[in-house]
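Student: I have a new model open and would like to practise reading it. Could you take me through some of its features?

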Amino acid sequence: MYQLIVKNGFLLDGTGNPGYYGDVAIRDGRIAAVGKDLGSAEQILDATGLTVTPGFIDSHSHADAKVLEHPLQAEKTEQGVTTSIAGQCGNSAAPVAKMTFPQFMDQLKKTPLGANLVCFVGHGTLRKAVMPEQDRAPTDRELEAMKAILAEALEHGAGGLSFGLFYAPGCFAREAELVALAKVAAAHGAPVSAHIRNEGDQVVEAVGEFIRVIRMSGARGILSHHKAVRRRNWPKIQKTLALLQQAVAEGLDIYCDVYPYCASSTTFSQAFVPKSWRAEGVEGLLRNLADPDLCRENKRSYFETEEEDLSWVQVTVCPGYPQYEGLRLPEIAQLHGKDPFDTAMDLIRDTKDSCKACFFSIGEEQMLQVLAWERTMVGSDGGLQGTANVYHPRLRGSFSRALRYVRERGVVSLPEMIRKMTMLPAQVYGLTGKGLLRPGYDGDICVFDPETVCDRAGFINCHEKAEGLRWVLVNGQVASENAIATGAFGVKPE
């Protein structure tokens, strides 16, 4: 007798091939059989009229930041995600002052989890561990220290290396530093991901830099949440996709991921102050913000290239100003009593650079072009909700939204979208036993109605759960039913 059988479903096995009707049997947390008339089980899930796929793999997440406090990861399983690739954009949970990466992994292995988690090492986190937060190249000793810590992490279960070249301190790294560290990852057979240096006016050049790093290091590369921000740059996606395709034709093992939304999300300081202000961390940023002459020059410089209408900015997290959360910047400015730009400067200063926002600056057609590329995976770029009241809806809706784009826009076929969410990331990230509906593979399964599955979370009603998602299994345990987490911890402590 099996532990569980999903019966009478339309199976899309993750390969991108056409589906077929059948059953999937689970025993001891793994797929034991796929076929018809498989026998009896302790639990039967009737999937008549529903589609059965491998569990979705979130190619780009930040779940490691709060997973020890919120190990259930309901936001993941409630949208079909059974495995997340975390520690992205150069920022990881370890190594930090009080915890090495091996210590973090030991603690993670002792913690029951609601979904599987793969943790990358962040380059920015490595840099902070060995050198001051300064705009300079590391000394030879500092670079060797970073390489040693990275190698240790990879030997203790790290899934790869992530760069955050848009953020301090990663933005201060020269190309040689990136290549040197990427070579360490390559030597361990680990992939390298990157939030590239610029996604706006210099997006083509930034993509070119990442391709060079992959070429010179020999690593497998993933271009994180690929996009071109601000309308004037949207046409550049044609060029960047051509560069990626050319790199593939050259023989480079390179991919990208994308979240299916037209808004990004990060801190205010990334949008409104120059990189040089962040060269000495938050303390240096606050010193610059206290200088009226510097602030006036920053404002003048900003509006030399940007439009004055800042209605494309919506605040999500604003410590000390909860009344501003969920409002657009011009609305906040009226309440704050200053113009929108000066209000933004005040919020950066008053929250000590903790104010976050959604920035509506991505073209939908260009996002869909990226999503359709054969080497594109789906990622949420989301962490875990924790205590946040307002957040980017990608945290809850990325995968159901991607499926809705299949039905409503025909961006790719349903089997192809499932491949982008399952087998492709499993191969890219080296996830043995995941990404396919095959005997011997882990019992990570998603069951949904392809005619109704969709996201309900919005930029205001961000807590709304997906629709049409019937069951999600993690290692054979029902982790979510009707997009509500069951409380089951499918990942047991070692």
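Tutor: Happily; we will go through helix packing, the nonpolar cores, some backbone details and one residue late in the chain. Keep in mind that this is a predicted model.

Student: Let's start with helices. How do I describe two that pack together?

Tutor: Two packed helices are described by the angle between their axes and the distance between the axes. Take H5 and H6 (residues 203-217): their axes are 8 Å apart and the angle is about 45°. That angle is neither under 35 degrees nor in the range from 65 to 115, so the pair counts as oblique. H5 passes H6 in a right-handed crossing.

Student: Which residues of H5 and H6 meet?

Tutor: On the H5 side they are Glu175, Leu178, Val179, Ala182, Lys183 and Ala186, and these meet Glu209, Arg212, Val213, Met216 and Ser217 of H6. Sorted by class, this contact has 6 nonpolar, 1 polar and 4 charged residues.

Student: What angle do the axes of H7 and H13 make?

Tutor: Helix H7 (residues 236-250) and helix H13 (residues 364-372) cross at roughly 10°, and their axes come within 10 Å. Angles under 35 degrees count as roughly parallel, and therefore H7 and H13 are described that way. The crossing of H7 past H13 is right-handed. Ile237, Gln238 and Leu241 from H7 make the contact with Gln366, Gln369 and Val370 from H13. By class, there are 3 nonpolar, 3 polar and no charged residues in the contact of H7 with H13.

Student: Now the interior. What is the general idea behind a nonpolar core?

Tutor: In soluble globular proteins, nonpolar side chains tend to be buried together. Here the largest nonpolar core has 92 residues, and the members that touch the most others are Phe56, Phe163, Val192, Met417 and Met421. Apart from that core lies another, of 25 residues, which includes Phe272, Ile348, Cys355 and Phe359.

Student: What does phenylalanine 56 touch, beyond residues up to four places away in sequence?

Tutor: Its partners include Val81, Phe399, Leu403, Ile418, Met421 and Phe448. Gln79, Gly80 and Thr422 are also among the residues that phenylalanine 56 touches.

Student: On to the backbone. Where are the cis peptide bonds before proline 95 and proline 169?

Tutor: Look at omega for these. The bond from alanine 94 to proline 95 is cis, with omega near 5°, and proline 95 sits in the loop between strand S7 (81-86) and helix H2 (101-109). Alanine 168 and proline 169 are also joined by a cis peptide bond, with omega about 0°. Proline 169 belongs to the loop between strand S10 (161-164) and helix H5 (175-187).

Student: What should I look at in phi for cysteine 89 and aspartate 381?

Tutor: Look at the sign. Cysteine 89 is not a glycine, yet its phi is positive, about 60°. Cysteine 89 is in the loop between S7 and H2. Aspartate 381 likewise has a positive phi, near 55°, and is in the loop between strand S17 (376-378) and helix H14 (394-409).

Student: Are cysteine 89 and aspartate 381 buried or exposed?

Tutor: The cut-off for buried is under 20% relative accessible area. Cysteine 89 has 9% relative accessibility, so it counts as buried. Aspartate 381 is buried as well, at 10%.

Student: Finally, where does alanine 488 lie, and what is it in contact with?

Tutor: Alanine 488 is in the segment after strand S21 (484-485). Leaving aside neighbours within four places in sequence, alanine 488 contacts Leu72, Gly114, Gln477 and Val478.

Methods: Residues are numbered from 1 along each chain as its sequence is written. This is a predicted model: local features need pLDDT of at least 70, side-chain atom pairs count only at pLDDT 80 or more; totals for chains, interfaces and linings use all residues. Side-chain values use heavy atoms; hydrogens and water are left out. Helices (H or I, at least four residues) and strands (E, at least two) are DSSP runs, numbered from the N terminus. Contact means heavy atoms within 4.5 Å. A nonpolar core is a set of buried Ala, Val, Leu, Ile, Met, Phe, Trp, Tyr and Cys residues joined through side-chain atoms within 4.5 Å. Buried means under 20% relative accessible area, exposed over 50%, partly exposed in between (1.4 Å probe, protein chains only). Axes are lines fitted to C-alpha atoms, for helices over the stretch in contact, and angles run from 0 to 180 degrees between N-to-C directions. Angles under 35 degrees count as roughly parallel, over 145 as roughly antiparallel, 65 to 115 as roughly perpendicular and the rest as oblique. A crossing is left-handed if the near helix is turned anticlockwise from the far one by less than a right angle, and right-handed if clockwise. Ala, Val, Leu, Ile, Met, Phe, Trp, Tyr, Cys and Pro count as nonpolar, Asp, Glu, Lys and Arg as charged, and the others, Gly among them, as polar.
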